[in-house]
Amino acid sequence: MNAVLENIFSRRSTRKFLKKEISKQDLKTLVDCARFAPSAMNRQLCKFTVLQNKDMMKKLADAIGKQLGREGYDFYCPDALILVSNERTNAHAVEDCACALENIFLGAHSMGIGSVWINQLKGICDEPEIRAVLNELKLPAEHLVWGIAALGYTDAPSQNGAVKREDCVEYIL
């Protein structure tokens, strides 16, 4: 099996991270993976906000936790987050962000970095306390965060043997 397929088939979400820093160069590489994702009509409207500052991460997590009634919310304590946002008026924003996030996840896995998709900002970006933190992160007011990649070195055993459904495929050949 080639390396690309092996990477796709072996990647799993990580929800327990080591306290080990991801280098700035590796974060840049992951953002480059995201930038090279396809986008509708090649408009490239996604913005990538890389957050490694623990105080700002806690501030964002606390605001989300308060908004969602989830005290102690912490993104699974990753080393870094990449917030993927897009213009709220872009009809293809969700799809563009999803492609970028998948590239981040696959790129991270190929580099030995664990990842998990965080969806908690979907639908609450314009709540005043949330928007205040997003403003501090220089996220444009016309942008909504459609997903976050939580990143770090995994502190959990590999789940490469996870079973995936096969009954979801119908071939009409």
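Biologist: What makes the crossing of H3 and H5 left-handed?
Modeller: This is a predicted model, so bear that in mind throughout. A crossing counts as left-handed if the near helix is turned anticlockwise from the far one by less than a right angle, and H3 and H5 get that label.

Biologist: Which residues make the contact?
Modeller: H3 brings Met 56, Lys 59, Leu 60, Ala 63, Ile 64, Lys 66 and Gln 67. From H5 come Glu 129, Ile 130, Val 133, Leu 134 and Glu 136.

Biologist: How do the residues of the contact of H3 with H5 divide by class?
Modeller: Seven are nonpolar, one is polar and four are charged. Lys and Glu go in the charged class.

Biologist: And why is H3 called roughly antiparallel to H5?
Modeller: The axes of H3 (residues 54–68) and H5 (residues 128–136) come within 9 Å and cross at roughly 160°. Angles over 145 degrees count as roughly antiparallel, so H3 is roughly antiparallel to H5.

Biologist: How do you know that H2 and H4 are oblique to each other?
Modeller: Helix H2 covers residues 24–35 and helix H4 residues 93–110; their axes cross at roughly 140° and come within 7 Å. Roughly antiparallel needs over 145 degrees, and roughly perpendicular runs from 65 to 115. The angle fits neither, so H2 and H4 are oblique. H2 passes H4 in a right-handed crossing.

Biologist: What makes the contact there?
Modeller: Leu 30, Cys 33 and Ala 34 of H2 meet Ala 100, Asn 103, Ile 104, Gly 107 and Ala 108 of H4. By class that gives six nonpolar, two polar and no charged residues. Gly is put among the polar ones in this scheme.

Biologist: Zooming out, how many helices and strands does the protein have?
Modeller: Five helices and four strands. Starting at the N terminus, the order is α-α-β-α-β-α-β-α-β.

Biologist: Why is the protein called as compact as a globular protein of that length?
Modeller: Its radius of gyration is 17 Å, and the globule rule gives 16 Å for 173 residues. Those values are close, so the compact label holds. The C-alpha trace spans about 50 × 40 × 35 Å along its principal axes.

Biologist: What share of the residues count as buried?
Modeller: Buried means under 20% relative accessible area, and 42% of the 173 residues pass that test.

Biologist: What about contacts between residues at least 6 apart in sequence?
Modeller: Of those, 81% join residues at least 24 apart.

Methods
Residues numbered from 1 in each chain as written. Predicted model: local features only at pLDDT ≥ 70, side-chain atom pairs only at ≥ 80, totals over all residues. Heavy atoms only, no water. Axes fitted to C-alpha atoms, helices over the stretch in contact; angles between N-to-C directions. Helix = DSSP H or I, 4+ residues; strand = E, 2+ residues; numbered from the N terminus. Parallel < 35°, antiparallel > 145°, perpendicular 65-115°, else oblique. Contact = heavy atoms within 4.5 Å. Rg over C-alpha atoms; globule rule 2.2 N^0.38 Å. Buried < 20%, exposed > 50% of the residue type's maximum accessible area, 1.4 Å probe, protein only.
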